[in-house]
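Here is a short tour of a structure for you to follow with your viewer open. Rotate the view as you read and check each stop along the way.

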Amino acid sequence: MKKWLAVAVLGISLAGCSSVPDNWSNMTQTEIQSWQASGFTAEVAQQWKASGFNSEAAGLWKTAGFNLESATEWSAQKFSADEAKNWVATGFELDDAVDYRARGLSPIHREQAVE
């Protein structure tokens, strides 16, 4: 079920990509500056925006090491970029992270475990 949901969300996001502009059209000057400040080109910014991300959120996911596809999957399960980064850094895949988080657990880094 979880994988199906992630695939459905991703499919909807990517389905719109064929009609997503590859320039700064449909954005205000303020939006353009914000996307540029987060390190996005017009084409990539439009893809993230079409998938429901604003420049701030997209920048956080990008900084955390996620591409649009993985950010879409993790955010669809209500993970923040930092949370997802922590789960991935400790070796968890999305489905396991969802299950463990639902049980009230969180990832532990090896340094924390040694203390």
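## Aromatic rings and the helices around them

Phe 53 is buried, its relative accessible area being 9%. Please keep in mind that we are looking at a predicted model. Phe 53 has a ring partner in Trp 48: the ring centres lie 5.0 Å apart and the planes meet at 70°, so this pair is edge-to-face. Trp 48 is buried as well, at 5% relative accessibility. Further along the chain, Trp 87 and Phe 92 form another edge-to-face pair, because their planes stand at 80°, with the centres 5.0 Å apart. Here the two partners are covered to unlike degrees: Trp 87 is buried at 4%, whereas Phe 92 counts as partly exposed at 25%.

In total the structure holds nine aromatic pairs. Ring pairs also build a cluster out of Trp 61, Phe 66, Trp 74, Phe 79, Trp 87, Phe 92 and Tyr 100.

Now for the wider setting. The chain has eight helices and zero strands. Of its 115 residues, 30% count as buried, and the accessible surface comes to about 7400 Å², with 52% of that belonging to carbon and sulfur atoms. Among contacts between residues at least 6 apart in sequence, 18% join residues at least 24 apart.

The largest nonpolar core has 21 residues, and those touching the most other members are Trp 35, Trp 48, Phe 53, Trp 61, Phe 66, Trp 74 and Phe 79. Helices α2, α3, α4 (55-63), α5 (68-76), α6 (81-89) and α7 (94-102) each supply at least two residues of this core. In soluble globular proteins, nonpolar side chains tend to be buried together. Trp 61 is a good residue to click on: leaving aside residues up to four places away in sequence, its contacts include Trp 48, Phe 53, Phe 66, Trp 74 and Phe 79.

Which residues of α3 are buried? They are Ala 42, Ala 45, Gln 46 and Trp 48. Viewed down the axis of α3, these residues fall within an arc of 165°, so they line one face of the helix. Their cover includes α2, α4 and α5. After α3 comes Gly 52, which has a positive phi, near 100°.

Helix α4 contains Ser 55, a buried residue with a relative accessible area of 9%. Not counting residues up to four places away in sequence, Ser 55 touches Ser 34, Trp 35 and Ser 38.

How many salt bridges does a search of the whole structure find? The search finds one. In this salt bridge the side chains of Lys 49 and Glu 31 meet at 3.3 Å, N to O. The pair links distant parts of the chain, with Lys 49 in helix α3 (residues 42-50) and Glu 31 in helix α2 (residues 29-37), 18 residues apart. Side chains of opposite charge can pair when their charged atoms come close. Both ends have some exposure: Lys 49 counts as partly exposed at 29% relative accessibility, and Glu 31 counts as partly exposed at 28%.

For a quick look back, here are the accessibility values of some residues from the tour.

| Residue | Relative accessibility | Class |
|---|---|---|
| Trp 48 | 5% | buried |
| Phe 53 | 9% | buried |
| Ser 55 | 9% | buried |
| Trp 87 | 4% | buried |
| Phe 92 | 25% | partly exposed |
| Lys 49 | 29% | partly exposed |
| Glu 31 | 28% | partly exposed |

Definitions and conventions:
Residues numbered from 1 in each chain as written. Heavy atoms only, no water. Salt bridge = Lys/Arg side-chain N within 4 Å of Asp/Glu carboxyl O. Helix = DSSP H or I, 4+ residues; strand = E, 2+ residues; numbered from the N terminus. Buried < 20%, exposed > 50% of the residue type's maximum accessible area, 1.4 Å probe, protein only. Contact = heavy atoms within 4.5 Å. Areas by Shrake-Rupley, 256 points an atom, 1.4 Å probe, with all protein chains shown as cover. Core = buried A, V, L, I, M, F, W, Y, C linked by side-chain atoms within 4.5 Å. Arc of directions from axis to C-beta. Phe/Tyr/Trp six-rings, centres within 6.5 Å; stacked < 30°, edge-to-face > 60°.
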